[in-house]
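I set out to record pockets, helix packing and unusual backbone geometry for one protein chain. The entries below follow the order in which I looked these up.

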Amino acid sequence: MLESESFSPNPYLYSQVSMIDLRSDTVTHPTPEMRRAMAEAPVGDDVFGQDPTVNRLEELAAGMLGKQAGLFVTSGSMGNLVALLTHCGRGDEIIVGDQAHIFTSEQGGPSVLGGIAMYPLRNQPDGTLLLDDIQNAIRADDVHNPRTRLICLENTQMRMNGAPLNTTYLNEVRGVADAHHLKIHMDGARIFNAAVALGVNVKTLARDSDTVLFCLSKGLSAPVGSMLVGPREFIQEARRARKLVGGGWRQAGVLAAAGIVALETMIERLAEDHANAKYLAESLADLPGIELDPSAVKTNMIIFRLAPNGINPAQLVERVREEQVLLQARGSRQVRAATHYGVTRADMDAVITAIRRALRS
Ligand SMILES: *Cc1c(COP(=O)(O)O)cnc(C)c1O
């Protein structure tokens with residue numbers, strides 16, 4: 001809990017109690033530098049393409065990812081939706097992981113709004129989809145079949161302990177896509193976590209995907225917004241799709257300003273979040289009643305299971321809340337903890353103590 005700064009990243013500072021909030025990395029607050037940049041940002045009407053701060057963010061993001069153009073959108077879900085509406089027509093099919101956010105957590109938006117079919121493949125523990133599975137899912141050109149159009153990958157793969165997909169694997173998927181004239185969209189909500197964890201430039205990770213979505217509002221700690229990047233013509237079409245779903249915004253430069261600071265100052269420090277997650281995972285794995293392989297934790301996401309004969313996730317969450325620790329229960333067995341800018345190494349020790357007590361009581 002960093003309370004020395006004038007704008008504390010701790011979301012509970014303004015309530016009386018200080019909580020250690022590990023429910024998600026979305027709980028991060030903007031940094032003092034972001035607040036200043038937001039206050040001073042030059043703005044214009046972005047639907048007219050005339051917000052200079054939005055334009056600067058879109059250029060910066062595209063450049064960093066090695067793509068021609070960028071589009072600032074309200075959320076990761078909107079960015080994925082707009083990307084899929086642009087890649088696919090009605091009746092087209094995407095190949096996607098069964099644990100992917102696009103498949104599990106966006107209300108089936110591509111199907112609801114775009115008439116796009118989804119073919120889910122089992123995500124492996126390391127976050128990948130098997131090349132063989134992808135190969136087998138690609139439809140033959142036959143009047144019975146939907147048309148396979150797009151492969152969607154998620155990097156990091158959130159539900160698999162935030163597993164980062166490496167460049168070798170991404171390149172192999174590109175090979176399969178090229179052989180069948182398919183495009184690749186990467187849901188890179190946490191692509192910077194992947195780049196930092198793998199020690200590679202984010203451009204290298206983005207290279208084999210046609211389009212990439214990433215979030216400014218998670219570990220990078222901006223208050224609002226995500227970026228979709230890709231080829232210039234694609235982004236022009238995506239701008240139409242964004243307007244279609246009500247995402248044309250006006251003086252959005254006040255938000256884009258925070259996104260620029262996020263990209264300029266918040267990437268390298270993600271290593272700290274990963275070290276905290278590793279430390280927490282190693283300590284939790286030693287506790288009786290917790291099932292967790294700490295070697296699977298490579299970024300800022302820990303998903304552990306509770307032994308079937310002990311307390312359940314909802315009970316654990318309730319007990320640790322009394323000790324000012326917030327975790328997320330996921331179904332009947334799993335609990336999630338995400339590390340981020342708003343928590344420190346000392347907080348990790350407090351979390352371990354709280355969980356140890358909760359399991360004993
Ligand atoms: C959070 C997340 C999204 C969606 O972002 P929102 O801004 O919450 O809509 C998409 N994909 C993944 C993997 C995410 O973790």
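The entries that follow concern a predicted model.

**Entry 1: the largest pocket**

I began with the pockets and took the volume of the largest one, which comes to about 310 Å³. I then listed its lining and found 15 residues. Of these, P125, D126, M160, N161 and A296 lie nearest the centre of the pocket. I sorted the lining by class and obtained 7 nonpolar, 3 polar and 5 charged residues.

Which domains contribute to this lining? I checked the assignment and noted that domain 1 (20-29 + 268-360) and domain 2 (32-265) each supply at least three residues.

**Entry 2: the second largest pocket**

I next examined the second largest pocket, which holds about 230 Å³ of space. Its lining includes the run I138, R139, A140, D141 and D142. I also recorded N145, P146, R147 and T148 in the lining, together with H180 and L182. By class, I noted 4 nonpolar, 3 polar and 4 charged residues for this pocket.

**Entry 3: packing of α2 and α11**

I turned to helix pairs, for which the angle between the axes and the distance between them are the descriptors. Helix α2 (residues 52-65) packs with helix α11 (residues 253-265) at an angle of about 30°, and their axes are 8 Å apart. Because angles under 35 degrees count as roughly parallel, I entered α2 as roughly parallel to α11. I logged the crossing of α2 and α11 as left-handed.

**Entry 4: packing of α12 and α14**

I looked up a further pair, helix α12 (residues 270-285) and helix α14 (residues 345-360). Their axes lie 10 Å apart and the packing angle is about 25°. I therefore entered α12 as roughly parallel to α14. Which hand does the crossing of α12 and α14 have? I recorded a right-handed crossing for α12 and α14.

**Entry 5: backbone geometry**

I closed with the backbone. The peptide bond from N155 to T156 is cis, and its omega is near 0°. I located T156 in the loop between β5 (147-154) and α7 (167-179).

I also noted Q107, which has a positive phi of about 60° although it is not a glycine. Where does Q107 lie? I placed Q107 in the loop between α4 (101-104) and α5 (109-114).

Methods: Residues numbered from 1 in each chain as written. Predicted model: local features only at pLDDT ≥ 70, side-chain atom pairs only at ≥ 80, totals over all residues. Heavy atoms only, no water. 1 Å grid on protein atoms, 1.4 Å probe; cavity = no way out; pocket = protein on both sides within 12 Å on 5 of 7 lines; lining within 4 Å. Points joined across faces, edges and corners; volume = space filled by probe spheres on them. Nonpolar A, V, L, I, M, F, W, Y, C, P; charged D, E, K, R; others polar. Domains from an automatic or database assignment. Axes fitted to C-alpha atoms, helices over the stretch in contact; angles between N-to-C directions. Helix = DSSP H or I, 4+ residues; strand = E, 2+ residues; numbered from the N terminus. Parallel < 35°, antiparallel > 145°, perpendicular 65-115°, else oblique. Left-handed = near helix turned anticlockwise from the far one by under 90°.
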